Amino acid sequence: MSADQRLSDHERALYSRQIRLPGVGESGQLRLREAKVLILGAGGLGSPVGLYLAAAGVGHIGIADPDKVEISNLHRQVVHGFDTLGLPKTVSAAEALGEINPGLKVALHPEGFTVENAADLVARHDLVIDGTDNFATRFLAADACVLGRRPLVHGSVLRSTGQVGVFLPGAGCYRCLYPVIPDAASVPTCADAGVFGATCGVIGSWMASEGISILLGRRNQSQLFVVDVEAGSSRRLALAPDPACPSCGPAATILGLEKGAYAPVVCAAPTSPTMSETPLEITVEEASRLLSGPNPPVLLDVREPDEYAVCRIDGSRLIPMNAVPSRLAEVPTDVWVLVQCHHGGRSMKVTQFLRSKGYARVSNLQGGIDAWSLKVDPKVPRY
Ligand SMILES: [Zn+2]
């Protein structure tokens, strides 16, 4: 073993509390030192990700972010400070990371993560950690990682909730969860919904922790963690590849990164949503997140009473499909309504019917209660 394949005494002292952890040791510390990690976004999530990876002794970090530090960033983007206001975030972040780990090699990508550089950047790193806040970049990162066969850690935060996704090559990707890029206006962002800096800290630290676990070879499954800091709860969902996935499935249609497919999306939600801004369908995972959030939608079950007696999702209201037209007054107009049946067929008809009656905020629950049993709550019996 040559000297550069061993830790120096300085490194042993620096990382002693980490090296003694089961599954790390000197060999794990060396793996971290050799690792090349690409961080997308040096913002609320990228800040803790970068700080903790640098502190853990990750040897090479690439930072892609096209923005400059603004005063409204500072309450959550803790890698920046008043002294770096106006500087490119890449430069500001690199300074802070270098303070923690003087041996760190940082590569700056102030042009951001783009269709033009995505494949090359992904190929030059062992792991991509995405803390960006727009769907175009998230999907670009997801597809680039599938095509480049690199693991991806994804994170997002909204108000006091967040999620951390771990997507390993061949084990289920971001698009297995979210097949298409949503209309950005249908999803509120931090800019208009607000966010606590500490919530970014929780999710960003969790992302860093998952990233380190991947680098140490301790992850073999794609998974999603759904976290509600206010409620003090978190859930782990094991993910499996979706055979119909347009990115990683056997009949994948995304075979390259095409510019038009990732048009920048303006992240601004209008105050009064309209029909086109509410997704026609949402996944059970997304529904679960919404239902446990601060402003849960109403869940309308349109199955028959005997089916409802077999199983139901907590909090759902039953109005069988054929009774919906005569009981329309019972369907609220002032909140988001999710329509659910057994497999998603009847509920789609009701969703379309309600939209034809002027209900602007109605979505179908994809896969119905059967998908809910399979993917969210196995305690709900299947039939
Ligand atoms: Zn996939």
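The following exchange goes through some structural assignments and the criteria behind them.

Colleague: What kind of model is this, and how are residues numbered?

Modeller: This is a predicted model in which local features need pLDDT of at least 70 and side-chain atom pairs count only at pLDDT 80 or more, while totals for chains, interfaces and linings use all residues. Residues are numbered from 1 along each chain as its sequence is written, and side-chain values use heavy atoms, with hydrogens and water left out.

Colleague: What makes the arrangement around the zinc ion tetrahedral?

Modeller: The zinc ion is coordinated by the SG atoms of C173, C176, C245 and C248 at 2.2 to 2.3 Å, where donors are N, O and S atoms within 2.8 Å of the metal (3.2 Å for Na, K and Ca). Four donors count as tetrahedral if all angles lie between 85 and 135 degrees, and the 4 donor atoms here subtend angles of 95 to 125 degrees, so the arrangement is tetrahedral. Along the chain, these donors follow the spacing C-x2-C-x68-C-x2-C.

Colleague: Why is C173 called buried?

Modeller: Buried means under 20% relative accessible area, with a 1.4 Å probe and protein chains only; C173 has 7% relative accessibility and therefore counts as buried. C176 has a relative accessible area of 15%, so this residue is buried as well.

Colleague: How do you know that strand β5 is mostly covered?

Modeller: Strands are DSSP runs of E with at least two residues, and helices are runs of H or I with at least four, numbered from the N terminus. In β5, residues 152–158, 7 of its 7 residues are buried. Both faces are covered, with L152, H154, S156 and L158 on one side and V153, G155 and V157 on the other.

Colleague: What makes β5 a partner of β4 and of β6?

Modeller: Two strands pair if DSSP finds at least two bridges between them. Strand β4 (residues 127–130) and β5 have 3 bridges in the parallel sense, with H154 as the bridge partner of D130, whereas 7 bridges join β5 to the antiparallel strand β6 (residues 161–167), where V164 stands opposite G155. The hairpin of β5 and β6 has 2 residues between the strands, and R159 there takes a positive phi near 50 degrees.

Colleague: How do you know that helix α4 is mostly covered?

Modeller: In α4, residues 46–56, 9 of its 11 residues are buried, among them P48, V49, L51 and L53. The helix is followed by G57, whose phi is positive, near 95 degrees.

How values were computed: Buried means under 20% relative accessible area, exposed over 50%, partly exposed in between (1.4 Å probe, protein chains only). Four donors count as tetrahedral if all angles lie between 85 and 135 degrees; four count as square planar and six as octahedral if opposite donors are over 155 degrees apart and all others between 65 and 115; anything else is irregular.
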